Amino acid sequence: MDDRYLKIAIAQYKPILGDIKKNIEKHIKLINKGIEDKASVIIFPELSLTGYLLKDLVYDLQLDKNSTVLEPFKELSEKIDIVIGFVEKGENRLIYNSLLYYSKGKLLSNYRKLRLPNFGMFEEKRFFKHGEDISVFNTSYGKVGTLICRDFLFPSLAYTLFYKGADFIISISNSPLRGIETKEYQSQAMWEDAGKVYSRFFSMNVVYVNRVGFEDGFGFAGGSFIANPEGKIIFKAPFLEEGLYFTDIDLSLTDKARSIYAYYRDEDFKQIKNFLNEGLK
Amino acid sequence: MNINPELVERTLIHFIRDEITKFGFKKAVLGLSGGLDSTVAAYLTSKALGKNNLIPLIIPYKSSSKKNMDDAIKVAKIVAEKHHIINITEQIDIYFKNNPTEEKLFIGNKIARERMSIIFDYSAREKAMVIGTSNKTELLLGYGTWFGDLASSVNPLGDLYKTQVFQLAAHLKVPEQIIKKTPSADLWPGQTDEEEMGIMYKIADEILYLIIDKRKSVKDILDWGYDEDLVFKVLKMVKSSQFKRTMPIIAKLSHRTIGKDFLYPRDWGV
């Protein structure tokens with residue numbers, strides 16, 4: 001495999017609710033498998049260290065991003081980039097739904113979920129503070145921006161990452177399945193529609209990683225996917241099945257899409273900024 | 001209202017397997033009546049856990065229909081390697097001999113609770129979890145015995161209307177006579193669900209689906225020509241049975257109260 005291809009490992013994983021120790025053991029096994037199969041990056045879903053339906057457990061499970069508990073990820077990232085999700089104990093004792101990106105033995109990026117869902121079956125605002133920042137960072141395979149679950153449903157956030165020059169959006173999720181009247185879960189179409197639009201019109205790769213398993217009757221769908229810069233879904237994991245799924249991404253397609261369609265060149269970010277400013281008056 | 005039965009089957013098999021095995025259990029028990037709901041629940045559980053891990057319990061009373069009993073045995077043989085038949089006539093009759101009543105409903109509720117007490121006893125004997133068989137229609141209309149047939153640990157059918165359970169049953173290829181049978185709790189001879197509830201499942205399901213799933217207003221539903229009396233009857237049934245769908249309420253006294261601000265998931269640490 002030459003530099004043109006990036007091998008990506010999606011850990012469509014089932015955490016044990018509220019048991020960080022066991023979850024870290026499970027992560028390590030999968031990461032070692034990823035290293036063995038020569039993946040460059042392995043991505044776990046949202047809140048992969050804890051599970052989703054935490055409620056009061058968030059107070060018991062919050063971790064500082066520099067906690068020694070997380071050391072194994074730092075060490076293992078010498079051999080593979082690692083993306084995990086966890087309950088972050090931030091400054092001023094604020095608790096965030098966060099993502100950590102480890103690379104080359106270091107913590108490369110820490111992203112905090114911006115758009116917490118708080119309606120219907122969701123009550124994240126009761127337990128979490130929302131993040132304040134969004135950024136892209138350099139990796140060995142290009143510029144990466146990260147999102148967490150519902151963030152991905154805001155085109156404005158994907159657009160912001162496009163503006164900041166992202167070649168990749170990595171979005172980690174804990175999306176409960178719902179809607180059983182159609183061929184696939186109705187909830188799945190929402191994620192795939194967004195993924196296809198962002199990847200095509202922002203000429204980038206979109207990697208969406210969702211978890212599986214049930215918690216108190218909520219089923220997490222899986223259906224993780226990768227959409228390429230032409231807006232095509234090139235990989236889709238099965239629903240409900242736990243597994244480590246590998247895909248080779250052709251990195252040359254980003255250059256190709258950027259030069260052919262020139263969306264980035266022809267976008268006028270200053271103009272959009274002015275439009276938004278006008279609208280806020 | 002139409003479901004994709006294949007997707008539902010797959011989802012519920014994962015649900016049953018996950019919600020049982022994560023607690024360290026391998027097996028499940030359930031009461032098999034020869035009716036549609038318990039048959040469908042048994043088919044799904046058998047697929048999720050394997051025939052050797054499902055123990056159906058057939059619990060007839062002297063008035064139970066022979067036909068239902070035969071159908072239940074037929075299903076039990078399809079879905080499980082072994083089943084138990086426990087006749088409760090003696091204990092029910094002794095109880096009502098000492099505590100006489102003419103109320104059919106009291107007798108029916110007692111039978112339903114006797115069955116559930118046996119199912120939970122067997123769950124302990126067999127180290128098995130109890131699979132519930134109440135569908136969304138019954139749960140919403142409150143058509144079930146509180147702490148009787150409504151009691152269970154894991155309920156795969158609780159988000160499917162009766163109409164949808166029929167669709168799933170057809171997909172699962174359960175015996176034809178069970179799909180064709182008139183729905184009945186079989187708590188006394190000649191009882192049928194629809195007569196007792198005073199509404200047909202099909203119409204009840206449509207009204208419930210529009211109000212609950214589709215969040216339509218009552219005004220919209222009446223404008224579409226649904227019978228006003230039936231719509232209000234359904235609404236009243238849903239409201240008056242709300243208590244059956246909740247845990248017993250606790251008076252808040254302390255600064256941290258179970259269910260109010262002591263909020264942990266059931267699947268905590270498993």
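**Entry 1: the interface**

I took contact to mean heavy atoms within 4.5 Å. The model I examined is a predicted one. On that basis I found that 28 residues of chain B and 26 residues of chain A take part in the contact between the chains. I then looked up the area: the two chains bury about 2200 Å² between them, and 53% of it is on carbon and sulfur atoms. On the side of chain B, I noted that Leu7(B), Leu263(B) and Pro265(B) lose the most area to chain A, together 24% of what that side buries.

I turned next to polar interactions across the interface. I recorded 2 salt bridges between chain B and chain A. Lys14(A) forms a salt bridge with Asp18(B), with the closest N and O atoms 2.7 Å apart. I also recorded 17 residue pairs in polar contact across the interface, both residues at pLDDT 80 or more. Helix α1 (residues 5–21) of chain B supplies the largest share of the side of chain B that touches chain A, namely 8 residues. I sorted the residues of that side into 13 nonpolar, 5 polar and 10 charged.

**Entry 2: helix α5 of chain B**

I checked the length of helix α5 (residues 104–125) of chain B. At 1.5 Å a residue, its 22 residues should span 32 Å, and I found the end C-alpha atoms 32 Å apart, which agrees. I listed the buried residues of α5(B), among them Gly108(B), Ile111(B), Met116(B), Ile119(B) and Tyr122(B). What do the buried residues of α5(B) pack against? I found β1 (27–31), β2 (54–58), β3 (84–85), α4 (89–98) and β4 (128–130) of chain B. After α5(B) comes Lys127(B), whose phi is positive, near 50 degrees.

**Entry 3: salt bridges within the chains**

I searched the whole structure and counted 37 salt bridges over all chains. In chain A, I noted one between the side chains of Arg4(A) and Asp250(A), at 2.9 Å from N to O. Arg4(A) lies in the segment before β1 (5–12) of chain A and Asp250(A) in strand β14 (residues 243–250), so the pair ties together parts that are 246 residues apart in sequence. Arg4(A) is partly exposed at 40% relative accessibility, whereas Asp250(A) is buried at 14%.

In chain B, I noted a salt bridge between the side chains of Lys22(B) and Asp267(B), at 2.7 Å from N to O. Lys22(B) is in the loop between α1 and β1 of chain B and Asp267(B) in the segment after α12 (228–240), so this pair links parts 245 residues apart in sequence. Asp267(B) is buried, with a relative accessible area of 0%.

I also looked up a pair within one helix. Glu176(B) forms a salt bridge with Lys180(B), the closest N and O atoms being 3.6 Å apart. Both lie in helix α8 (residues 176–180) of chain B, 4 residues apart, about one turn of the helix. I found Glu176(B) partly exposed at 48% relative accessibility and Lys180(B) exposed at 64%.

**Entry 4: positive phi in chain A**

Is Asn92(A) buried or exposed? I found it exposed, at 68% relative accessibility. Asn92(A) has a positive phi of about 55 degrees although it is not a glycine, and it lies in the loop between β3 (81–89) and β4 (95–103) of chain A. Ala262(A) also has a positive phi, near 55 degrees. Ala262(A) is in the loop between α7 (252–261) and α8 (263–266) of chain A and is buried, with a relative accessible area of 5%.

Methods:
Residues are numbered from 1 along each chain as its sequence is written. Chains are lettered from A and ligands numbered from 1 in the order in which they are written. This is a predicted model: local features need pLDDT of at least 70, side-chain atom pairs count only at pLDDT 80 or more; totals for chains, interfaces and linings use all residues. Side-chain values use heavy atoms; hydrogens and water are left out. Helices (H or I, at least four residues) and strands (E, at least two) are DSSP runs, numbered from the N terminus. The expected span of a helix is 1.5 Å times one less than its number of residues. Buried means under 20% relative accessible area, exposed over 50%, partly exposed in between (1.4 Å probe, protein chains only). Buried area is the accessible area (1.4 Å probe) that two parts lose on being put together, summed over both. A salt bridge is a side-chain nitrogen of Lys or Arg within 4 Å of a carboxyl oxygen of Asp or Glu. A polar contact is a pair of N or O atoms within 3.5 Å; within protein, one must be able to donate a hydrogen and the other to accept it, and residues adjacent in sequence count only if both atoms are side-chain atoms. Ala, Val, Leu, Ile, Met, Phe, Trp, Tyr, Cys and Pro count as nonpolar, Asp, Glu, Lys and Arg as charged, and the others, Gly among them, as polar.
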